[in-house]
Amino acid sequence: MNLSILLAKQILSMILMIAAGFGAARAKIFPPGTDRALSTLTLYIICPCLMFSSMQMDYNSSMLNGFLLAAAAAALVNAFFILLSKLTGRIIRADSLERASMIYSNAGNLILPLISEVLGKEYLFYAGGYLAVQTVFFWTHGLALISGHPTKNLRKILTNPNIDALILGLIFFFLPIRLPGVLEQTIEKIGNTIGPISMIGIGIIMSGMPLAKAFSDRRAWLICILRLFLFPAAAIVLIALTGITRRFAWTGMVLIATELAASAPTAVNIAQTARIYDQDAAGAGQINVLSTILCIFTMPLMLMFYQALCM
């Protein structure tokens, strides 16, 4: 089946999961704080299990080369997005939260389940490269942008459970070490729950936000157009200009993980971080909600553009 169609179906399935969480929350089925509990569960247990499980495989040089390529592409794309946000930000007079929303995507609890379903477990290994690099960018540049204070928050990076799982998984991959069968199956099964739990959690969060306001906010639409169309399209053109996917055919499929992460909706933790630093968390939340809904249409289009230009 065409990857774009398969991606659209998986996104639609996730939107329905979000709707289930939204409806249940509006019906007051969940007790207060459920969204925080599910977010904590996803961040500290499910995502790390999924990341680690994706690396429980026999070592081979092609997998390592793919991971290094994905990490290098992530660094290039994130640096490019920072530069692009400065240029577009001057034109539209974007504030720091709007710029952060243009740059940082929901490469964790949305992209990981998508890649797992659409491309398979092997590609989670490559997605880990993007997630690790974006985490470093977010907790250094992103945090400084949102808080207004330059920082090199090494502690935040090293204590991020996804980074810890990635490092441990790479150690096991290189040595190589495989967990006992029952333990490996347990970690894998926990990781496989990421789709429903994270989407239901997003639905609960969205239930507390004024959706009508998000859809009527022209500024939110502008930022979403940049995040979902202009920025990923520019990243795809950048990849195409390097010529790497034409010279080395195997890189085309590896970089699909980068393309999907680059075209994802805005990162959830932008609004969470804005709340901590007394910034406009509600505005960031509106952008996140709108971009999450719109991505069902934009991500398949960006994937088709990538396939046409790079494969």
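## Exercises on cavities, pairs and cores

About 30 Å³ of space lies in the largest cavity. The model is predicted. Each exercise below is followed by a worked solution.

### Exercise 1. The largest cavity

Task: Identify the lining of the largest cavity, the helices that supply it and its make-up by class.

Solution.

Step 1. List the lining residues. They are P232, A235, I236, I239, T258, E259, A262 and S263.

Step 2. Assign helices. Two helices, α12 (218-242) and α14 (250-262), each supply at least two residues of this lining. The largest share comes from α12, with four residues.

Step 3. Sort by class. Five lining residues are nonpolar, two are polar and one is charged.

Step 4. Check the count. The model has one cavity of 30 Å³ or more.

### Exercise 2. The second largest pocket

Task: Describe the volume, lining and helix contributions of the second largest pocket.

Solution.

Step 1. Take the volume. The second largest pocket holds about 160 Å³ of space.

Step 2. Find the centre. Of the 13 lining residues, A25, F30, P31, I204 and S207 lie nearest the centre of the pocket.

Step 3. Trace the helices. At least two lining residues come from each of α1 (3-26), α2 (34-54) and α10 (194-207). The helix that gives the most is α10, with three residues.

Step 4. Sort by class. Six residues of this lining are nonpolar, four are polar and three are charged.

### Exercise 3. Salt bridges

Task: Find the salt bridges and state how exposed each partner is.

Solution.

Step 1. Recall the principle. Side chains of opposite charge can pair when their charged atoms come close.

Step 2. Count. There are two salt bridges.

Step 3. Take the pair R219 and E98. Their side chains meet at 2.9 Å, N to O. R219 belongs to helix α12 and E98 to helix α4 (residues 96-103), so this salt bridge ties together parts that are 121 residues apart in sequence.

Step 4. Judge exposure for this pair. Buried means under 20% relative accessible area. E98 has 9% relative accessibility, so E98 counts as buried. R219 is at 30%, so R219 counts as partly exposed.

Step 5. Take the other pair. R178 forms a salt bridge with E184, and their closest N and O atoms are 2.9 Å apart. R178 counts as partly exposed because its relative accessibility is 40%. E184 has a relative accessible area of 15%, so E184 is buried.

### Exercise 4. The nonpolar cores

Task: Locate the largest nonpolar core, then examine the contacts of I270.

Solution.

Step 1. Size the core. The largest nonpolar core has 99 residues. L112, L114, I115 and I270 have the most contacts inside this core.

Step 2. Find the main contributor. Helix α6 (residues 121-147) gives the largest share, 15 residues.

Step 3. Follow I270. Leaving aside residues up to four places away in sequence, I270 touches L97, A100, S101, Y104, F138, I146 and A284.

Step 4. Look beyond the largest core. Another core, of five residues, lies apart from it; C49, F52, F172 and L179 are among its members.

### Exercise 5. Helix α5

Task: Decide how far helix α5 is enclosed, and name the helices it packs against.

Solution.

Step 1. List the buried residues. In α5 these are I111, L112, P113, L114, I115 and V118.

Step 2. Draw the conclusion. Six of the eight residues of α5 (residues 111-118) are buried, so this helix is largely enclosed by the rest of the structure.

Step 3. Name the neighbours. The buried residues of α5 pack against α1, α2, α6, α10, α14 and α16 (281-310).

Step 4. Inspect what follows. After α5 comes G120, with a positive phi near 110 degrees.

### Exercise 6. Two residues of helix α3

Task: Compare the surroundings of T88 and G89.

Solution.

Step 1. Place the residues. T88 lies in helix α3. G89 is in helix α3 too, which spans residues 61-92.

Step 2. Judge exposure. T88 is buried because its relative accessible area is 11%. G89 has 7% relative accessibility, so G89 counts as buried.

Step 3. List contacts. Not counting residues up to four places away in sequence, T88 touches M102, L230 and F231.

Step 4. Take a distance. The C-alpha atoms of G89 and L294 are separated by 22 Å, and the two residues are 205 residues apart along the chain.

Technical notes:
Residues are numbered from 1 along each chain as its sequence is written. This is a predicted model: local features need pLDDT of at least 70, side-chain atom pairs count only at pLDDT 80 or more; totals for chains, interfaces and linings use all residues. Side-chain values use heavy atoms; hydrogens and water are left out. On a 1 Å grid over the protein atoms alone, a cavity is a set of points where a 1.4 Å probe fits but cannot get out, and a pocket is an open set with protein on both sides within 12 Å along at least five of seven lines; lining residues have an atom within 4 Å of a point. Grid points are joined across faces, edges and corners, and a volume is the space filled by probe spheres set on the points. Ala, Val, Leu, Ile, Met, Phe, Trp, Tyr, Cys and Pro count as nonpolar, Asp, Glu, Lys and Arg as charged, and the others, Gly among them, as polar. A salt bridge is a side-chain nitrogen of Lys or Arg within 4 Å of a carboxyl oxygen of Asp or Glu. Buried means under 20% relative accessible area, exposed over 50%, partly exposed in between (1.4 Å probe, protein chains only). A nonpolar core is a set of buried Ala, Val, Leu, Ile, Met, Phe, Trp, Tyr and Cys residues joined through side-chain atoms within 4.5 Å. Contact means heavy atoms within 4.5 Å.
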